[in-house]
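Biologist: I'm new to this structure and would love a close look at a single part of it. Could you walk me through the salt bridges, one pair at a time?

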Amino acid sequence: MKSKQPKGFGSAKRKAASLAKDVNQISHLVNEATAKAENNRHAIKRFAETLSTLCRLVKARGKGSYKEAPRRTILWAVAAIVYFVNPFDVVPDFIPVVGYLDDAAVLGFVMNSIAQDIDDFQEWENTKKRK
């Protein structure tokens, strides 16, 4: 049974669809997410690795080094990153303690929804490291 999409994820998907057409915008988004994660590492430590995996996947696809992920997977990964970068999502990020709970929920939802593609990507990364 599929899980219901978290509130606010639909608008993040629409934004992701418009961004997905421009590799430079995607690269900028990933850089923005990486910087935000680094600046808020204490608040996001529980989902930092999830975010990092999605950023690596999107970056590898953008560079053309990893082409196996379906378009839907990339779109959902970009949407999760868009949601994370947006400071005024369902629960604004500046609210202490709870500000990143919705971000974690969206990232968890996306990771569960594209789990097999994430596993395949991580296996590809591991194979690449061994070479």
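Modeller: Happy to! Let's begin with glutamate 49, which is exposed because its relative accessible area is 52%, above the 50% cut-off for that word. Please keep in mind that this is a predicted model. The partner of glutamate 49 is arginine 56: the two form a salt bridge in which the closest N and O atoms are 3.6 Å apart. Arginine 56 has a relative accessibility of 29%, so arginine 56 counts as partly exposed. This pair also belongs to a network of salt bridges that links Glu49, Arg56 and Glu125.

Why can such pairs form at all? Side chains of opposite charge can pair when their charged atoms come close.

Across the whole structure, a search finds four salt bridges. Another one of them joins glutamate 38 and arginine 41, whose side chains meet with an N to O distance of 2.5 Å. Here glutamate 38 is partly exposed, at 47% relative accessibility, while arginine 41 reaches 52% and therefore counts as exposed.

Now turn to a pair in another setting. Aspartate 93 and lysine 36 meet through their side chains in a salt bridge of 2.4 Å, N to O. Lysine 36 sits in helix 2 (residues 23-39) and aspartate 93 in the loop between helix 4 and helix 5 (101-113), so this bridge ties together parts that are 57 residues apart in sequence. Are these two residues buried or exposed? Aspartate 93 counts as buried because its relative accessibility is 10%, and lysine 36 is buried too, with a relative accessible area of 14%. Buried, in this description, means under 20%.

Since helix 4 borders the loop that holds aspartate 93, let's give helix 4 a moment as well. Helix 4 is mostly covered, with 13 of its 15 residues buried. Its 15 residues (71-85) should span 21 Å at 1.5 Å a residue, and the C-alpha atoms at its ends are indeed 21 Å apart, so the two values agree.

Finally, some charged residues take no part in salt bridges. Glu68, Asp119, Asp120 and Glu123 form a negative surface patch, and residues in such a patch have no salt bridge by definition. One of them, glutamate 123, is placed in helix 6 (residues 115-130). Glutamate 123 has 53% relative accessibility and so counts as exposed.

As you turn the model, try following the pairs in this order: glutamate 49 with arginine 56, then glutamate 38 with arginine 41, and then aspartate 93 with lysine 36.

Conventions: Residues numbered from 1 in each chain as written. Predicted model: local features only at pLDDT ≥ 70, side-chain atom pairs only at ≥ 80, totals over all residues. Heavy atoms only, no water. Patch = residues over 30% accessible without salt bridge, like charges linked within 9 Å, V, L, I, M, F, W, Y side chains within 5 Å. Areas by Shrake-Rupley, 256 points an atom, 1.4 Å probe, with all protein chains shown as cover. Lys, Arg positive; Asp, Glu negative; His and termini not counted. Charge placed at Lys NZ, Arg CZ, Asp CG, Glu CD. Helix = DSSP H or I, 4+ residues; strand = E, 2+ residues; numbered from the N terminus. Buried < 20%, exposed > 50% of the residue type's maximum accessible area, 1.4 Å probe, protein only. Expected span 1.5 Å × (residues − 1).
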